[in-house]
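Open the model in your viewer and keep the selection panel at hand. The stops below are given in the order in which to select them.

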Amino acid sequence: MRNTQATQLIFELSRPGRRATVLPPLDLPVPAASELLPAEQCATEPPQIPELAEGDVVRHFVNLSTLNMSVDTHFYPLGSCTMKYNPKRNERLASLPGFAAIHPLQSAESIPGLLQVLYELQEMLAEISGLPGVSLQPAAGAHGELTALMVAAAYFRDRDEPRRVVLTADSAHGTNPASAAMVGYQTRTVKSRSDGLVDIEDLKAKLDGNVAVFMLTNPYTLGLFDSQIREITSLVHQAGGLIYLDGANMNAILGIARPGDFGADLMHYNPHKTFSGPHGGGGPGAGPICVRDFLAPYLPQPIVVREGDEYRLQTGSPTSIGRVRSFFGNVGVLVRAYLYIRTYGGPGLKRVSEDAVLGANYLLSRVKHILDVPHGDRCMHEFVASAAKLKKRQGLSAMDLAKRILDFGFHAPTVYFPLVVDEAVMVEPTETESKETLDAFAEALFRITDEAADLAHNAPHTTRISRPDDVTASRRPVVRWVPEKGDH
Ligand SMILES: *Cc1c(COP(=O)(O)O)cnc(C)c1O
């Protein structure tokens with residue numbers, strides 16, 4: 001049975017004169033709009049607002065909300081995104097008035113509690129990364145990349161070293177080269193070897209006095225920790241360059257390895273991935289960055305400092321790159337990260353990573369006989385399988401698998417990323433999933449590979465929209481409803 005409440009736009013459900021509230025007739029004279037505003041600023045027609053009864057409005061939005069998959073309703077193994085469960089307690093505490101009702105323009109003296117939380121978060125992020133300089137300002141991981149590269153550029157400018165190039169790995173997230181280009185760097189790609197690790201010979205060939213930064217994600221997007229990391233970082237340092245660590249995969253190494261210890265000079269965190277900030281739908285996120293001591297003078301300002309028992313905002317470093325965001329950053333997400341880290345503590349965070357890695361390895365070992373995993377039998381917190389053989393043998397592409405798995409009540413894994421794997425299916429279960437959930441997911445994949453390929457080609461069969469035209473949807477998105485004549 002079609003659920004019309006959820007399949008029609010609220011504008012289409014509108015009927016002239018329907019109301020959610022009934023107000024008594026106005027007993028005051030109403031001046032004409034033209035008496036209050038210049039005529040050219042007055043609308044000539046009333047705004048086209050849907051007219052509905054209260055019950056219809058409630059049903060419309062409640063039904064819409066059930067069309068979505070979310071971490072709270074479904075297993076969500078979206079590789080690279082770390083869709084971990086967001087503890088409800090953190091949501092509740094972050095919405096306390098002392099956090100949520102602060103006015104952005106309130107004076108620093110009137111918010112000592114918030115400043116203490118932000119200061120302690122800076123300290124915790126520095127400890128986890130092994131890098132002492134912290135800025136909480138950037139609004140997302142990609143913004144953290146941009147900010148850190150601006151810090152690196154300011155550092156080289158100060159040293160009169162006009163380095164023009166940023167190296168990125170071929171398995172890198174697209175934001176890496178994009179951030180470098182936005183700061184004005186030329187980008188060069190360093191190749192991976194067939195086992196997925198950085199090709200050191202290719203790195204050497206591309207490394208010269210013109211290289212400012214090598215951006216890498218370790219563990220890589222392929223779910224591999226590069227055991228050559230010390231060699232890589234010392235090669236780059238010998239050439240006078242800096243190492244940027246894309247921290248999106250920190251969930252695999254919390255309390256186990258510190259980027260500062262393995263040679264990174266700058267990094268970002270994605271608290272909405274690693275520290276259970278909610279994410280999806282474009283935000284909000286946060287992208288705090290950590291840097292080595294000699295780069296700290298270039299960080300955005302203000303930063304929170306402690307003097308005795310007092311916390312205050314420090315500004316005034318003449319070498320700072322300035323502000324990259326209004327106020328203190330995305331405080332709501334930062335508070336959740338603080339709560340998450342405080343709740344687990346050091347040993348607990350280590351356990352988070354151990355369980356994330358264990359879960360991913362368990363799933364990898366359960367599915368690898370049907371789904372090739374080109375980069376080995378072991379992984380970190382995620383793995384990248386390839387549907388290339390399935391496609392050849394049974395006509396099942398990565399897209400078919402991703403679409404059909406929705407019918408089994410699972411969110412799809414990431415597909416066609418990273419680009420270095422043909423028909424990539426990237427799975428990241430996260431530490432909060434039980435063995436039963438992982439087993440059910442593996443068994444759903446087995447069933448899909450057993451059933452007639454047609455079922456997958458036309459999947460999903462159970463969702464409101466099945467196979468949108470992806471290309472048209474992104475090239476010519478229709479994001480605004482325009483009434484047809486006579487609709488209203
Ligand atoms: C998610 C991600 C980013 C970008 O982070 P945002 O917070 O989405 O801006 C960068 N690199 C990697 C590897 C990622 O997974």
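## Stop 1: the ligand

This is a predicted model. Select Asp246 together with the ligand: a polar atom in the Asp246 side chain is 2.6 Å from a ligand nitrogen atom. Taken by itself, the ligand exposes 380 Å², and 86% of that is buried by the protein.

Next, add Ser80 to the selection. An N or O atom of the Ser80 side chain is 2.7 Å from an oxygen atom of the ligand. Then pick Gly141, where the atom to look for is in the backbone: a backbone N or O atom of Gly141 is 2.8 Å from a ligand oxygen atom.

Now show every residue around the ligand. There are 13 of them, and those that come nearest are Ser80, Gly141, Asp246, His272 and Lys273. Colour the shell by residue class: three residues are nonpolar, seven are polar and three are charged.

Which elements give two or more residues to this shell? They are α8 (141–158) and α12 (271–274). With three residues, α8 gives the most to the shell around the ligand.

## Stop 2: from α8 to α9

Keep α8 on display and add helix α9, residues 175–182. The two axes cross at roughly 40° and come within 9 Å. That crossing angle makes α8 oblique to α9. The crossing in which α8 passes α9 is right-handed.

## Stop 3: α13 and two of its partners

Select helix α13, residues 331–367, and helix α16, residues 435–450. Their axes are 10 Å apart, and the helices pack at an angle of about 30°. Angles under 35 degrees count as roughly parallel, and α13 and α16 are therefore roughly parallel to each other. As α13 passes α16, the crossing is right-handed.

Hide α16 and bring in helix α7, residues 112–129. How do the axes of α7 and α13 cross? They come within 10 Å and cross at roughly 50°, so α7 and α13 are oblique to each other. Here α7 passes α13 in a left-handed crossing.

## Stop 4: backbone details in loops

Leave the helices and go to the loop between β9 (310–314) and α13, where Phe327 is found. Phe327 is a residue other than glycine with a positive phi, near 55°.

Two cis peptide bonds can be inspected next. Where is Pro219? It lies in the loop that runs between β4 (211–216) and α11 (229–238). Select Asn218 with Pro219: the peptide bond from Asn218 to Pro219 is cis, and its omega is near 0°.

For the other bond, select Gln301 and Pro302. Their peptide bond is cis too, with omega near -5°. Pro302 sits in the loop between β7 (289–291) and β8 (303–307).

## Back to the start

To finish, return to the ligand and display α8 once more. This helix supplies three residues to the shell around the ligand and passes α9 in a right-handed crossing.

Terms used:
Residues are numbered from 1 along each chain as its sequence is written. This is a predicted model: local features need pLDDT of at least 70, side-chain atom pairs count only at pLDDT 80 or more; totals for chains, interfaces and linings use all residues. Side-chain values use heavy atoms; hydrogens and water are left out. A residue is near a molecule or strand if one of its heavy atoms lies within 4 Å of it. A polar contact is a pair of N or O atoms within 3.5 Å; within protein, one must be able to donate a hydrogen and the other to accept it, and residues adjacent in sequence count only if both atoms are side-chain atoms. Accessible areas come from the Shrake-Rupley method with a 1.4 Å probe; for residues, only the protein chains shown count as cover. Helices (H or I, at least four residues) and strands (E, at least two) are DSSP runs, numbered from the N terminus. Ala, Val, Leu, Ile, Met, Phe, Trp, Tyr, Cys and Pro count as nonpolar, Asp, Glu, Lys and Arg as charged, and the others, Gly among them, as polar. Axes are lines fitted to C-alpha atoms, for helices over the stretch in contact, and angles run from 0 to 180 degrees between N-to-C directions. Angles under 35 degrees count as roughly parallel, over 145 as roughly antiparallel, 65 to 115 as roughly perpendicular and the rest as oblique. A crossing is left-handed if the near helix is turned anticlockwise from the far one by less than a right angle, and right-handed if clockwise.
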